[in-house]
Amino acid sequence: MSSPTIPISNPQTQSPIATPAFRAFLSRISTSIRQGFSQRRPWSELIDRNYMARPDSLSEAATRIRKNLSYFKVNYITLLALILAFSLLSHPLSLIVLLSLLASWIFLYLFRPSDQPLVILGRSFSDRETLGILVVSTIVVIFLTSVGSLLISASMVGFALVCAHGAFRVPEDLFLDDQEPASAGLLSFLGVTSTSAAAAAAPAIAARV
């Protein structure tokens, strides 16, 4: 008489959303966004017509842009984000493609459990193969479809509006913080935000090396 078969249950692997690394990533991003918006200047100050005047020279316009970028950097980033969002919402297909690409990076590589192989149509892909596929897909989506041209054109429109406002906004009434030099403008803020996001994703990437 054969012994009864004892069922063995395999431990369930965590989904990418439930991993601590993904939660830490979201927490770091939300913290960076909250800290950034705490530095936002009043919009009434941004569009105050009493301080709008045409610059007398190109060097004066460049000086105004540099000072206004440092002072209104969060407002300018918000304006750029709104322009990008409007452009993507007006092209739903491009928005779906971009979100699908972002979700693929997050759930198929960055925060996929290392002990859970990627299986598509019965074929198992290694981390190196998955990374290669995602890199090629990103290049195709950005450079060979309308998504890239849409993002570039929207960014150019946003930067043009920011530079135009910065050149015509007289910065004499603006008081920069002592710890924040006038040269620390829009790009430095974006750099800090991207660094925070990279730091949050670093443990997940290091686990695959």
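## Aromatic cluster and main core

Tyr71, Phe72 and Tyr76 come together as one aromatic cluster in this predicted model. The cluster residues recur in the largest nonpolar core, which has 6 residues, namely Leu46, Tyr71, Phe72, Tyr76, Leu80 and Val162. A second core, separate from that one, has 5 residues, and Ile106, Tyr109, Leu110 and Leu134 are among them. In soluble globular proteins, nonpolar side chains tend to be buried together.

Tyrosine 71 also has a charged partner, since the charged end of arginine 41 sits over the ring of tyrosine 71, at 4.0 Å from the ring centre.

## Helix α3 and its packing

Helix α3 covers residues 58–71 and has 14 residues. From its first C-alpha to its last, α3 reaches 20 Å, which is close to the 20 Å expected at 1.5 Å a residue.

The buried residues of α3 are Ala61, Arg64, Asn68, Ser70 and Tyr71, a list that holds arginine, asparagine and serine as well as alanine and tyrosine. These buried residues pack against three helices, namely α2 (43–46), α4 (73–89) and α7 (146–168).

## Helix α5: an aromatic pair and a buried serine

By the ring-centre criterion the count of aromatic pairs comes to 3. In the pair formed by tryptophan 105 and tyrosine 109, the ring centres are 6.2 Å apart and the planes stand at 90°, so the arrangement is edge-to-face, given that plane angles over 60 degrees fall in that class. Tryptophan 105 and tyrosine 109 are 4 residues apart in helix α5, and therefore about one helical turn separates them. An α-helix has 3.6 residues a turn, so residues three or four places apart point the same way. The two residues fall into separate classes of accessibility: tryptophan 105 counts as partly exposed at 21% relative accessibility, whereas tyrosine 109 counts as buried at 10%, the cut-off for buried being under 20%.

Serine 94 lies in this helix too, α5 being formed by residues 92–110. With a relative accessible area of 6%, serine 94 is buried. When neighbours within four places in sequence are left aside, serine 94 is in contact with Ser146, Val147 and Leu150.

## Valine 157 in helix α7

Valine 157 lies in helix α7 and counts as partly exposed, because its relative accessibility is 45%. The C-alpha atom of valine 157 is separated by 8.0 Å from that of isoleucine 83, although the two residues are 74 residues apart along the chain.

## Overall architecture

The protein chain has 8 helices and 2 strands, and from the N terminus on its elements run α-α-α-α-α-β-β-α-α-α. Of the 209 residues in the protein chain, 30% are buried. Among contacts with a separation of 6 or more, 82% join residues that are 24 or more positions apart.

## Confidence of the prediction

The mean pLDDT of the protein chain is 77, and 69% of its residues reach 70 or more. Over residues 5–11 the pLDDT is below 50, and this stretch has 0 contacts in the model beyond near neighbours in sequence. Over residues 181–185 the pLDDT is likewise below 50, but here the model has 8 contacts beyond near neighbours in sequence. Where pLDDT is low, the predicted coordinates should not be read in detail.

Technical notes:
Residues are numbered from 1 along each chain as its sequence is written. This is a predicted model: local features need pLDDT of at least 70, side-chain atom pairs count only at pLDDT 80 or more; totals for chains, interfaces and linings use all residues. Side-chain values use heavy atoms; hydrogens and water are left out. Buried means under 20% relative accessible area, exposed over 50%, partly exposed in between (1.4 Å probe, protein chains only). Contact means heavy atoms within 4.5 Å. Rings of Phe, Tyr and Trp (its six-membered ring) pair if their centres lie within 6.5 Å; planes under 30 degrees apart count as stacked, over 60 as edge-to-face and the rest as tilted. A charge sits over a ring if NZ of Lys or CZ of Arg is within 6 Å of the ring centre and within 35 degrees of the ring normal. A nonpolar core is a set of buried Ala, Val, Leu, Ile, Met, Phe, Trp, Tyr and Cys residues joined through side-chain atoms within 4.5 Å. The expected span of a helix is 1.5 Å times one less than its number of residues. pLDDT is the predictor's confidence in each residue, from 0 to 100.
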